[in-house]
Amino acid sequence: MPRNRNTFSSLAAWRRRIVAGAVQSGWRWAQQAGSVTAEHPGKLRFRRLGAGTRLAFPQGTVFGERWIEIGECCIIAEQVTLTAGMLPGLDLGAETVLTLGDGVVLGRGSHVIADTTVTIGSDTYCGPYVYITSTNHSYDDPDEPIGRQWPRSEPVSIGPGCWLGTGAVILPGARIGRNVVVAAGAVVRGEVPDHSVVAGAPARVVRSWDPEKGWQPPLRTPAPKPIPEDVTPEQLAALAAWEVEQAEAVEQAAAVDQVEAVDQVAVEQAGTSS
């Protein structure tokens, strides 16, 4: 009886591996086939979709593509929402509403809601679940449900070279300068100067760059040393390989020391017990 049960378990495990492999292969195929690029846009007809840009599959909610421009070499992760207008099918006029510059990265599950102009500068990276919106609910009438009151819209601009951490929220009217870090979970409204770090809800400047004094307050970690101009890519690759070998050697040495320490403790315990 135990032998039959073992045979059945092995057969079930084998079938499960086969099914799992087929499902994973099919999903990888769907991800590849379902991604959106300039060469294979599917049903999405953006005003501009730059070369080298990819919208991963599955996409989130996407509408108003006629008023959306996406630059070159952008990475739009899975389940990202990109919308122009409050509802699909609206005529938003002749001008672009939502603009993503070259090299923009939108992390998984992020939302960019553009009821009026939203501009994200080139080389801006967004972590997962970032929320950028040009529209917010109003609360003029305390007796009327908030969801039924007409929302207010203000343009949003995010400069080039920014980093928006996971879960950051960019509210209507935000004007973020260039090379700005928005900390994870921060809620940004109003103007943020160039070369600054903001955090909190509402976000405030916690670090900024002074041309004479450098970062204020100073960074807690030393700045990385620049690579000398005469170093070749081959030398960098060799250095990286050497560093890996050194790290492995250190780990092996630590493991040997740990074994020797355990042996020493065992010897001492044996001597004590005798």
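**Close-up 1. Pro 217 sits in the loop between strand E24 (214-216) and helix H2 (233-273).** In this predicted model, the peptide bond from Gln 216 to Pro 217 is cis, and its omega is near -10°. A second cis bond is worth a look too: this one joins Ala 201 and Pro 202, with omega at about 0°. Pro 202 also belongs to a loop, the one between strand E22 (196-199) and strand E23 (204-210). Such bonds catch the eye because most peptide bonds are trans.

**Close-up 2. Cys 73 and Tyr 129 each have a positive phi of about 60°.** Neither Cys 73 nor Tyr 129 is a glycine. For background, most residues other than glycine have a negative phi. Look for Cys 73 in the loop between strand E4 (68-70) and strand E5 (75-76). Tyr 129 is found in the loop between strand E11 (125-126) and strand E12 (131-133). How accessible is Cys 73, buried or exposed? Cys 73 has a relative accessible area of 52%, so it counts as exposed. Tyr 129, at 49%, counts as partly exposed.

**Close-up 3. Arg 108 and Glu 78 form a salt bridge.** This is one of four salt bridges in the structure. The closest N and O atoms of Arg 108 and Glu 78 are 2.5 Å apart. The pair links distant parts of the chain, 30 residues apart: Arg 108 is in the loop between strand E8 (105-106) and strand E9 (111-114), while Glu 78 is in the loop between strand E5 (75-76) and E6. The two partners fall into separate accessibility classes: Arg 108 is partly exposed, at 41% relative accessible area, whereas Glu 78 is buried, at 19%.

**Close-up 4. Arg 152 meets Asp 140 in another salt bridge.** Here the closest N and O atoms lie 2.8 Å apart. Arg 152 belongs to strand E14 and Asp 140 to the loop between E13 and E14, so the bridge ties together parts that are twelve residues apart in sequence. Arg 152 is partly exposed, with a relative accessible area of 49%, and Asp 140 is exposed, at 55%. The loop between strand E13 (135-136) and strand E14 (152-153) also holds Ile 146, which is partly exposed with a relative accessible area of 37%. Measuring tools in your viewer can take you from Ile 146 to Ala 30, a C-alpha to C-alpha distance of 40 Å between residues 116 apart in sequence.

**Close-up 5. Arg 175 and Glu 191 join strands E18 and E21 through a salt bridge.** Their side chains meet at 3.6 Å, N to O. Arg 175 is in strand E18 (residues 175-176) and Glu 191 in strand E21 (residues 191-192), so the contact ties together parts 16 residues apart in sequence. Arg 175 counts as partly exposed, at 41% relative accessibility, while Glu 191 counts as exposed, at 61%.

**Close-up 6. The largest pocket holds about 160 Å³ of space.** Which residues line the largest pocket? They are Asn 136, His 137, Arg 152, Ser 153, Glu 154, Leu 171, Pro 172, Arg 189 and Gly 190. By class, this lining has two nonpolar, four polar and three charged residues. You may recognise Arg 152 as the salt-bridge partner of Asp 140.

**Close-up 7. The largest cavity contains about 40 Å³ of space.** A search of the whole structure finds one cavity of 30 Å³ or more. Its lining is made up of Leu 55, Ala 56, Gln 59, Gly 60, Val 62, Ile 76, Ala 77, Val 80 and Leu 82. Seven of these lining residues are nonpolar, two are polar and none is charged. Val 62 also lets you find Thr 83: their C-alpha atoms are separated by 5.4 Å, with their positions 21 residues apart along the chain. Thr 83 is part of strand E6 and is buried, with a relative accessible area of 3%.

**Close-up 8. Met 86, Leu 87, Leu 90 and Trp 150 form a nonpolar patch on the surface.** Together these residues have about 470 Å² of accessible area. Met 86 lies in the loop between strand E6 (81-84) and strand E7 (98-100). Met 86 counts as partly exposed, at 41% relative accessibility.

Conventions:
Residues numbered from 1 in each chain as written. Predicted model: local features only at pLDDT ≥ 70, side-chain atom pairs only at ≥ 80, totals over all residues. Heavy atoms only, no water. Patch = residues over 30% accessible without salt bridge, like charges linked within 9 Å, V, L, I, M, F, W, Y side chains within 5 Å. Areas by Shrake-Rupley, 256 points an atom, 1.4 Å probe, with all protein chains shown as cover. Helix = DSSP H or I, 4+ residues; strand = E, 2+ residues; numbered from the N terminus. Buried < 20%, exposed > 50% of the residue type's maximum accessible area, 1.4 Å probe, protein only. 1 Å grid on protein atoms, 1.4 Å probe; cavity = no way out; pocket = protein on both sides within 12 Å on 5 of 7 lines; lining within 4 Å. Points joined across faces, edges and corners; volume = space filled by probe spheres on them. Nonpolar A, V, L, I, M, F, W, Y, C, P; charged D, E, K, R; others polar.
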